[in-house]
Amino acid sequence: MKTRVTLQVNGEERELLVQPHHTLLEVLREDLGLTGTKHGCELGECGACAVLIDGEAVLSCLTLVGDTEGSPITTIEGLGEGQTLDPLQTMFAKLGGSQCGYCTSGMVLTARALLDRNPDPSEDQVKAALSGNICRCTGYNQIIESVLEAAAQERAGGASE
Amino acid sequence: MMRLPVLSHFTPKTLDEAIALASELPSARFVAGGTDLLPKLKRRQLGASALISLTRCEELQTIKRLDDGGWRIGAGVKLVELVRLPELRSSHPAIWQAASQVASPPIRSSGTVGGNLCVDPRCFWFDQTAPWREAAGQCMKIDPAVVCRVAPNSPRCWAVSSTDLAPAMGAARAKVRIVGPAGERTVPLPELYRDDGIDYMTLSHGEVIVDVEIPGSVGWRSAFWKIRRRQSIDFALLSASVEVFMLTDEVLEARVGLGAVGSCPLFPPEVAAVLVGTKLEDDVIEAAAAAAKKLARPMETSDMPSSWRRRVLPVAVKWALREVRGDDVTDARRRYGPQVLLP
């Protein structure tokens, strides 16, 4: 039987009827149409489904939707403002941090959580923070460069171009 | 799409409410971070008619420094919160090192202290997809009518204890407070476990771990070493936690915890005894490692042969002992578990 939940997704309050055994991943993609969040392994091994809950990068495939009520959720659709991309998105595009693109939303959001806590991470800290996200194209070098460059841009005053 | 089985989900706001719900629902399971339970439900390794989330129970969320320098840590505290506690890193390095090596960063953001203590023992024959297990003919842990595929003549299941916090917290003399329908009790951490891959905990239905109390560590030095295939995510192939009490350069008391080499964490007094009264000289460290090797009997439960795990267990014990002796282990840490270097 469906139950009513109220979610805070990308700054908007969304009231909807959901299956209680559905994960946040299923609700985001199937009930809210936010398909930027990808389903990969669905078992917590790949990081493709990572979203921000209360500012932490967590795996939406392992999060029961009922547990997210009352917490702000940010998906890739909620990054940036209007037509202005988040510096991470800009740098991923510019430096080739996104190849096939499947891991990208999880990578970008996980990196966002890192930079919000630590605006000046070392390369080792970036690698450690992204170590739960798998890139099947193996484009890790460009991903790490993109994160470091976005961090540098943000520290320099936020202009991404 | 790998979906959970159809089930109901409750999000009680108090522990009393959670326990009362469990009493009414005999086939419900408690869930905290869900990072161990949900994959197992999705792969149909475990069943449940309902999940009772403990995430909203305030009683499980404490992190408190105690007067003796110890800690009371709520079972609902997320692993990432422990990793972000520099005071824990300096007071109880082994526990901090264990927490910071559980799975991957996003899993530590959801996974909890209590959840890690309750991680379901793992086995190559059990932790597989449903079609794989079906093709292989299942195993005792799924179907009691089938033999244990690891030891076909054994009357018991040999799935391997895979919690990282338990060997570290047990060696640090932690006590666990449990609340259930029959009231409250506190047990030394090792008593949480049974040496059985299926019925692996001494918790009864409706009982919840509330918090873990870790005594102060003045005079104690500790280290935790975990060996796994991929440093970024995997469960332990084996782990070793050591605690030594030394006021000068002589060990007055010692405790050793071994993880992932049996169906429960092991705290062998005979390994700790080798260390007492010594100055952790090289030959003492060799002797303690040999004693650990003699005692641990890993079975063919993992994707590395048990002979390899037996050979490498003493290596982990040795590095942990060198670390508490004060040796510079930075290079070895980088090789075996680089995440430990980074908060």
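**Exercise 1. Where the two chains meet**

How many residues of chain A are in contact with residues of chain B, and how many on the other side? Then describe the chain A side by its elements and residue types.

*Solution.* A word before we start: this is a predicted model.

- Step 1. Count the two sides: chain A brings 26 residues into contact with 27 residues of chain B.
- Step 2. Look for the elements on the chain A side. Strand E4 (56–59) and helix H4 (123–129) of chain A are the ones that give two or more residues to it.
- Step 3. Sort the chain A residues that touch chain B by type: 10 are nonpolar, 11 polar and 5 charged.

**Exercise 2. Getting to know chain A**

Find the order of helices and strands in chain A, and decide whether its radius of gyration agrees with that of a compact globule.

*Solution.*

- Step 1. Chain A holds 5 helices and 5 strands. Following the sequence, you meet them in the pattern β-β-α-β-β-β-α-α-α-α.
- Step 2. Next come the dimensions: the C-alpha trace of chain A spans about 50 × 30 × 25 Å along its principal axes.
- Step 3. For 161 residues, a compact globule would have a radius of gyration near 15 Å; the value for chain A is 16 Å, which agrees.
- Step 4. Turn to the inside of the chain. Buried residues account for 51% of the 161 in chain A. Among its contacts between residues at least 6 apart in sequence, 60% join residues at least 24 apart.

**Exercise 3. Two domains in chain A**

Work out how domain 1 and domain 2 of chain A meet.

*Solution.*

- Step 1. Mark the bounds: domain 1 covers 3–78 and domain 2 covers 87–155 of chain A.
- Step 2. Their centres, taken over C-alpha atoms, are 21 Å apart.
- Step 3. The contact takes 15 residues from domain 1 of chain A and 13 residues from domain 2 of chain A.
- Step 4. On the domain 1 side, strand E3 (50–53) and E4 of chain A each give two or more residues. The largest share comes from E3(A), with 3 residues.
- Step 5. By type, the residues on the domain 1 side are 8 nonpolar, 5 polar and 2 charged.

**Exercise 4. One residue of chain A**

Is A:Asp116 buried, exposed or partly exposed?

*Solution.*

- Step 1. Locate the residue: A:Asp116 sits in helix H3 (residues 104–117) of chain A.
- Step 2. Count its neighbours. There are 13 other C-beta atoms within 10 Å of A:Asp116.
- Step 3. A residue is exposed with 12 or fewer such atoms and buried with 20 or more. A:Asp116 has 13, so it is partly exposed.
- Step 4. For a sense of distance, pick A:Leu28, which is 88 residues away from A:Asp116 along the chain; their C-alpha atoms are separated by 23 Å.

**Exercise 5. Chain B as a whole**

Repeat the overall description for chain B.

*Solution.*

- Step 1. Chain B has 13 helices and 11 strands.
- Step 2. Its C-alpha atoms fill a box of roughly 60 × 45 × 35 Å along the principal axes.
- Step 3. A compact globule of 343 residues would have a radius of gyration near 20 Å, and chain B has 20 Å, which agrees.
- Step 4. Of the 343 residues in chain B, 53% are buried.

**Exercise 6. Two helices of chain B**

Which residues of helix H1 (residues 15–24) of chain B are buried? Then look at helix H5 of chain B.

*Solution.*

- Step 1. In H1(B), the buried residues are B:Ala18, B:Ile19 and B:Ala22.
- Step 2. Look down the helix axis: the buried residues of H1(B) fall within an arc of 95°, so they line one face. The face turned away carries the exposed residues B:Asp16 and B:Glu24.
- Step 3. Find the partners. The buried residues of H1(B) pack against strands E2 (28–31), E3 (50–53), E6 (175–180) and E8 (208–214) of chain B.
- Step 4. Move to helix H5 (residues 93–100) of chain B, where 8 of 8 residues are buried. Among them are B:Ile95 and B:Trp96.
- Step 5. The packing partners of the buried residues of H5(B) include helix H9 (165–171) and strand E10 (238–246) of chain B.

Note on methods: Residues are numbered from 1 along each chain as its sequence is written. Chains are lettered from A and ligands numbered from 1 in the order in which they are written. This is a predicted model: local features need pLDDT of at least 70, side-chain atom pairs count only at pLDDT 80 or more; totals for chains, interfaces and linings use all residues. Two residues are in contact if their C-beta atoms, placed from the backbone, lie within 7 Å. Helices (H or I, at least four residues) and strands (E, at least two) are DSSP runs, numbered from the N terminus. Ala, Val, Leu, Ile, Met, Phe, Trp, Tyr, Cys and Pro count as nonpolar, Asp, Glu, Lys and Arg as charged, and the others, Gly among them, as polar. Domain bounds come from an automatic or database domain assignment. The arc is that of the directions from the helix axis to the C-beta atoms. The radius of gyration is taken over C-alpha atoms; the globule rule is 2.2 Å times the number of residues to the power 0.38.
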